[in-house]
Structure formats: C-alpha cells, structure tokens
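Q: Please take a close look at the salt bridges in this model, and at the side-chain contacts that surround them. I would like the reasoning spelled out with care.

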Amino acid sequence: MDIISVNVANQALRGIKNTEEKIVGIGAEGRFANVDERLKWIESQTTKLKSTNSKSIDFSKGTFVNTEVQEGRLQLQKITTTVSSIVNVAKTSTATASGYYSPVINAIDDSLTTGWNAGSASLSNWILLDLQKSYTISRIVLTGLAISNYNLMYSEDNINFKTLTNQLPGDNKLNAFIYARYIKITAINTGATWTNITNLEVYADTAENVYKTSGTWESDVIDVGADWISTISTALNALSSNTLISTVTIATSDDGINFNTFNVYNPASPPIKRYLKMKVAMSAAATAGGDTSYEFDQSSIQNRFVLGDFVIALGNLQLKESYNEEMKNQVATETGKYFSYPIDTSRFKKINRIEVI
C-alpha cells in the first residue's frame with residue numbers, strides 16, 4: 001500500500017538562506033509594517049514550499065491471524081494441498097508430432113473414431129504433449145491401430161527427459177508415479193507400415209490448495225513523517241486476489257500511542273493524521289461447484305467405490321445374489337476329512353440354495 005503525503009521541503013528552506021535573512025531574520029526589519037504582516041506573508045509562501053512524497057507499507061510486518069504474505073501479496077493462510085480428482089489431462093494439452101499424415105490433435109480428442117497418423121512406420125516417430133503445467137501422473141492409456149511397444153519419456157522443462165522403456169499399449173498403470181509437464185511417446189515397434197495412435201489419455205492427480213476461511217492482518221504503527229501536513233490519497237493494491245472478500249479499516253492518532261477506533265477505509269476520504277494503523281479482514285468467497293456423475297463402474301479409477309461385503313457395482317449398485325466362500329479343513333476322520341464353513345443366517349432375508357463344490 002502507498003500512502004501519499006504532503007511534506008514541508010526542509011532542505012529547500014535551508015537552501016534559500018537569503019530569503020530567511022531578509023524575510024524571517026534580522027534583515028526583515030523595516031520590510032513589513034508589523035509582525036502580523038510578516039507572518040501572513042510567510043503563510044502565503046508555504047504552499048510554494050511543499051513537496052509530495054509517498055510511503056510504502058510493508059505487509060510482511062504486523063499481526064497475522066490466519067493470514068500470510070506470499071510473493072508480496074496478503075492472502076488467507078494456506079492449510080494444505082489436497083488431491084481433488086484423477087482426470088485425463090491430455091484433453092487440455094497441446095500436441096506436436098514427428099509427422100502429420102492426419103492431424104495430431106486427433107490423438108487427444110478423447111474419441112476412438114479419429115486418430116493421428118505419422119505417415120510412416122519409422123521407429124523415430126513420436127508425439128509430444130505439453131500438459132501446460134506439471135502433474136503427478138499415475139496412468140497412461142494408449143489406443144493404437146498400429147503400435148505395439150513404445151518408450152515413454154517425461155520432463156518438467158522439455159529439455160531434460162527421463163525414459164520408461166518398452167511400454168505396452170492399452171491401460172498402462174505405472175508402477176511408480178511420475179511428475180512431469182511434457183509427455184513424449186516414441187514408437188519402437190509399430191507392426192505395420194505406419195505409426196498410428198487412435199487415442200492417448202494421461203491420467204493425473206489434480207491438486208487443490210485449502211486455505212483458512214477467514215483471517216485478519218493488522219499493521220504496526222505507520223508514521224507518515226515528522227514533516228507531514230496532509231494526506232492527498234491512499235492506494236491499497238497488495239491483496240492476493242479479487243476472489244477474496246476484504247474489509248479494510250484504518251485507525252488514526254496524533255501521538256502514535258492513543259488511536260481512535262478502526263473505521264472503514266474510504267479511498268476518496270484519506271486519513272488526516274500523522275500516525276495510522278490498518279486492519280484487513282479477509283474471508284473466502286463462495287465458489288460454484290460442478291456436477292459429478294458416478295456410474296458405479298469398478299473397472300474405472302474415477303468411478304471406483306469402496307464396497308461392503310454384501311454389495312457389488314457393475315454399472316449400477318446392487319446387493320450380491322451369490323457368495324463363494326472357502327471351507328475350512330476342520331479334522332481328519334477314518335473315512336476322510338471334515339470341512340465346514342459357518343453361515344450367519346441372520347444376515348440374509350432368504351437363502352435359496354447351498355452348493356458344495
């Protein structure tokens with residue numbers, strides 16, 4: 001925040017020694033009829049001897065309650081970072097390739113009816129995705145009409161790449177997660193006269209920062225300056241984001257000790273005291289949420305649920321109709337072995353049939 005104040009230019013006054021002697025000092029005798037006229041003349045000249053200065057307020061100092069300063073801007077305090085969902089980030093990426101018999105964008109349009117074709121079967125054919133930012137990647141799904149093995153290269157800067165060799169097409173759940181912005185697929189066995197990728201999916205954990213819901217920051221005592229006369233304007237421009245609702249109040253004082261109560265800050269009516277204290281109250285703004293549909297499909301990572309012993313999810317959620325359990329070998333007898341498995345009938349409404357296989 002900058003507080004712009006008007007100050008007496010002491011240095012300029014000291015520099016005009018001749019004026020001081022002739023108007024204020026001994027040399028002023030006889031130039032004015034009386035002392036009042038001399039004082040009126042001095043007062044009329046003060047507006048010519050003013051200079052405009054500004055004072056910057058350090059947001060890193062003061063009293064913080066659930067707030068903090070990041071990159072010079074005041075914001076609510078960050079609590080943690082959470083993984084919000086696993087999404088196909090290839091759909092929002094940009095793609096380039098070694099050749100373009102058909103558009104490379106067809107490989108990331110999430111459609112199995114289109115595809116990218118390099119126009120040849122060279123083992124140097126490649127496709128490169130820029131995911132726009134770095135993600136933690138757990139899974140690559142590659143569908144291709146003519147590609148059987150590939151090298152997976154990944155990088156954060158598009159310069160230094162690491163490689164996972166000899167990957168197989170299809171649903172590739174990585175043994176170890178990788179962190180990257182750039183994903184490069186290089187064919188090492190096409191099995192045909194061209195390199196073709198019908199669809200390429202890159203699944204990543206998307207992170208979301210969690211902040212305190214409200215907080216305040218109160219400045220230390222701000223001394224505008226010993227030569228302060230009046231404040232022309234103030235500017236508050238170091239709040240973190242317009243997605244936060246902020247209330248700014250200011251308290252003023254003549255001596256820097258006894259302050260009045262905090263009042264709402266009004267840029268059109270700047271504070272008129274030498275000493276100031278500022279308080280910023282911040283609260284998180286409400287954001288609209290989106291709709292998420294789940295299909296109870298246990299084969300999909302995004303739709304996978306933790307199920308109990310009596311329910312299944314195969315496109316819809318339903319109770320189990322049959323149970324397969326392993327019987328326990330209890331004891332050996334003269335005629336053979338005795339196996340058993342206890343069934344708690346109170347947990348079933350009806351048992352139609354029991355088979356021993």
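**Salt bridges and their surroundings**

A: The structure, which is a predicted model, holds 9 salt bridges. One of them is formed by D130 and R181, whose closest N and O atoms are 2.7 Å apart. This pair links distant parts of the chain, since D130 belongs to strand β9 (residues 126-143) and R181 to strand β12 (residues 170-189), with their positions 51 residues apart in the numbering. The two partners can be placed by their accessibility: D130 has a relative accessibility of 14% and therefore counts as buried, whereas R181, with a relative accessible area of 24%, is partly exposed.

Strands β9 and β12 also supply the partners of another salt bridge, R139 in β9 and D171 in β12, which are 32 residues apart and again link distant parts of the chain. The closest N and O atoms of R139 and D171 are 2.7 Å apart. With a relative accessible area of 11%, R139 is buried, while D171 is partly exposed because its relative accessible area is 39%. D171 has a further partner in K173, where the closest N and O atoms are 3.2 Å apart, and K173 counts as partly exposed at 45% relative accessibility. Through these shared partners, R139, D171 and K173 are joined into one network of salt bridges.

R139 has a further contact beyond this network, for it lies over the face of Y203, at 4.4 Å from the ring centre. A charge over a ring is found elsewhere too, with K277 over the face of F259, at 5.5 Å from the ring centre.

Turning from charges over rings to rings paired with each other, the count comes to 1 aromatic pair. The ring centres of F59 and W217 are 4.7 Å apart and their planes meet at 35°, and because an angle that is neither under 30 degrees nor over 60 counts as tilted, so does this pair. The pair links distant parts of the chain, with F59 in the loop between β2 (50-56) and β3 (63-65) and W217 in strand β15 (residues 214-218), 158 residues apart. Both F59 and W217 are buried.

Charged residues also appear in the lining of the largest pocket, which divides into 12 nonpolar, 3 polar and 10 charged residues. The lining comprises 25 residues, and S322, Y323, N324, F348 and R353 lie nearest the centre of the pocket. The space in this largest pocket is about 1,200 Å³.

Notes: Residues numbered from 1 in each chain as written. Predicted model: local features only at pLDDT ≥ 70, side-chain atom pairs only at ≥ 80, totals over all residues. Heavy atoms only, no water. 1 Å grid on protein atoms, 1.4 Å probe; cavity = no way out; pocket = protein on both sides within 12 Å on 5 of 7 lines; lining within 4 Å. Points joined across faces, edges and corners; volume = space filled by probe spheres on them. Nonpolar A, V, L, I, M, F, W, Y, C, P; charged D, E, K, R; others polar. Phe/Tyr/Trp six-rings, centres within 6.5 Å; stacked < 30°, edge-to-face > 60°. Helix = DSSP H or I, 4+ residues; strand = E, 2+ residues; numbered from the N terminus. Buried < 20%, exposed > 50% of the residue type's maximum accessible area, 1.4 Å probe, protein only. Lys NZ or Arg CZ within 6 Å of the ring centre and 35° of its normal. Salt bridge = Lys/Arg side-chain N within 4 Å of Asp/Glu carboxyl O.
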